[in-house]
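This briefing introduces a protein structure for a reader in the first year of study. Please keep the sequence and the three-dimensional view at hand while reading the points below.

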Amino acid sequence: MRGNDGGQRLSLFSEEVADGVRAGDPDAVGTVYVTLADRLLGYLMARVPDRATAEDLLEATFVELLQNGRSIRGGAAAIKVWLFRAAHFNALDHLRKVKRQAEDFYDDMTHVDREDPALGPDDLALVDDVVRQVRAAMLHLSEDQRQVLLLRYVGGLTAPEAATVLGKTDGAVRSLQHRGERTLARLLGDDGAAPSAVPRTSQAKGG
């Protein structure tokens, strides 16, 4: 399900599962993992240099959820935002430790892509070409613009949710998204890829 201002909204787990997370139930956390791990991993893989590191950070994020889920105020939506915010800071902490800037990791985002088995060879070649164009164009965005677009299109968060993750106002996130999309449109040309072509791991179900 797509929001009015772009991005792919995620289907969520039940409020009963959310209650279990807040109670520290490992099975409930496992259900949340099945629901959100794919998007969280895609986001982390766009932030850090390799899949193994992203998977380690994903595991650390869910360990934090199991340990600290009792502190979350709210239901399923609040838990989703909490996870993305935890993943965001885990990635930043890792990048600080290795003394690398996040921009260094945007020149190769092939690990974020997932081929659609329904596409034929010609279609796949077209998709690959579009993704290459988007990757190159993303290099010209500011770090804040990239973060917003990744959370909106890879993470599937709404603008208010992305604002919470990044510690920004809703208006600031919408402005960053708008400027980032306009820059991409200009760099890609009138016939270039739409912002929805920003690499993502999968389509969200329902929502």
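**Overview of the chain**

Among the contacts in the protein chain with a separation of 6 or more, 73% are accounted for by residues 24 or more positions apart. The model is predicted. The protein chain has eight helices and zero strands, and its pattern along the sequence reads α-α-α-α-α-α-α-α.

**Burial and surface**

- Of the 207 residues in the protein chain, buried residues make up 46%.
- The protein chain exposes about 10200 Å², and carbon and sulfur atoms supply 50% of this area.

**Helix α1**

- Helix α1 covers residues 15-22, and its residues Val-17, Ala-18, Gly-20 and Val-21 are buried.
- These buried residues lie on the same side of α1, because they cover an arc of only 155° around the axis.
- The cover over the buried residues of α1 includes α2, α3 and α4.
- Gly-24, just after α1, takes a positive phi of about 80°.

**Helix α8**

- Helix α8 is formed by residues 170-188, 19 residues in number. From the first C-alpha to the last, α8 reaches 27 Å, close to the 27 Å expected at 1.5 Å a residue.
- The buried residues in α8 are Val-173, Leu-176, Gln-177, Gly-180, Glu-181, Thr-183, Leu-184 and Leu-188.
- These residues cover an arc of only 160° around the axis, so they are on the same side of α8.
- Arg-182 and Arg-186 are exposed on the other side of α8.
- Just after α8 comes Gly-189, with a positive phi of about 85°.

**Salt bridges**

- Side chains of opposite charge can pair when their charged atoms come close. In this model the count comes to eight salt bridges.
- One of them joins Glu-143 and Arg-47, whose closest N and O atoms are 3.1 Å apart. The pair links distant parts of the chain, 96 residues apart: Glu-143 is in helix α6 (residues 143-154), and Arg-47 is in the loop between α2 (26-45) and α3 (51-68).
- Arg-47 has a relative accessible area of 1% and is therefore buried, since the cut-off for a buried residue is under 20%.
- Another salt bridge is formed by Lys-80 with Glu-161, and the closest N and O atoms are 2.8 Å apart. Because Lys-80 lies in helix α4 (residues 76-97) and Glu-161 in helix α7 (residues 159-166), this pair ties together parts that are 81 residues apart in sequence.
- Lys-80 is buried, with a relative accessible area of 4%, and Glu-161 also counts as buried, at 13% relative accessibility.
- Lys-168 forms a salt bridge with Asp-144, with the closest N and O atoms 3.5 Å apart. Lys-168 lies in the loop between α7 and α8, and Asp-144 in helix α6, so the pair ties together parts that are 24 residues apart in sequence.
- Lys-168 counts as partly exposed at 29% relative accessibility, and Asp-144 counts as partly exposed at 34%.
- Arg-47, Glu-143 and Arg-146 are joined into one network by salt bridges that share partners.

**Aromatic pairs**

- A pair of aromatic rings is described by the distance of the centres and the angle of the planes. The count for this model comes to two aromatic pairs.
- One of the pairs is formed by Tyr-33 and Phe-62 and is edge-to-face, with 4.9 Å centre to centre and 65° between the planes.
- Tyr-33 lies in helix α2 and Phe-62 in helix α3, so this pair ties together parts that are 29 residues apart in sequence.
- Tyr-33 counts as partly exposed, at 38% relative accessibility, whereas Phe-62 is buried, with a relative accessible area of 6%.

**A residue of helix α3**

- Thr-53 lies in helix α3 and counts as buried, at 14% relative accessibility.
- Apart from its neighbours within four places in sequence, Thr-53 is in contact with Val-48 and His-94.

Terms used
Residues are numbered from 1 along each chain as its sequence is written. This is a predicted model: local features need pLDDT of at least 70, side-chain atom pairs count only at pLDDT 80 or more; totals for chains, interfaces and linings use all residues. Side-chain values use heavy atoms; hydrogens and water are left out. Helices (H or I, at least four residues) and strands (E, at least two) are DSSP runs, numbered from the N terminus. The expected span of a helix is 1.5 Å times one less than its number of residues. Buried means under 20% relative accessible area, exposed over 50%, partly exposed in between (1.4 Å probe, protein chains only). The arc is that of the directions from the helix axis to the C-beta atoms. A salt bridge is a side-chain nitrogen of Lys or Arg within 4 Å of a carboxyl oxygen of Asp or Glu. Contact means heavy atoms within 4.5 Å. Accessible areas come from the Shrake-Rupley method with a 1.4 Å probe; for residues, only the protein chains shown count as cover. Rings of Phe, Tyr and Trp (its six-membered ring) pair if their centres lie within 6.5 Å; planes under 30 degrees apart count as stacked, over 60 as edge-to-face and the rest as tilted.
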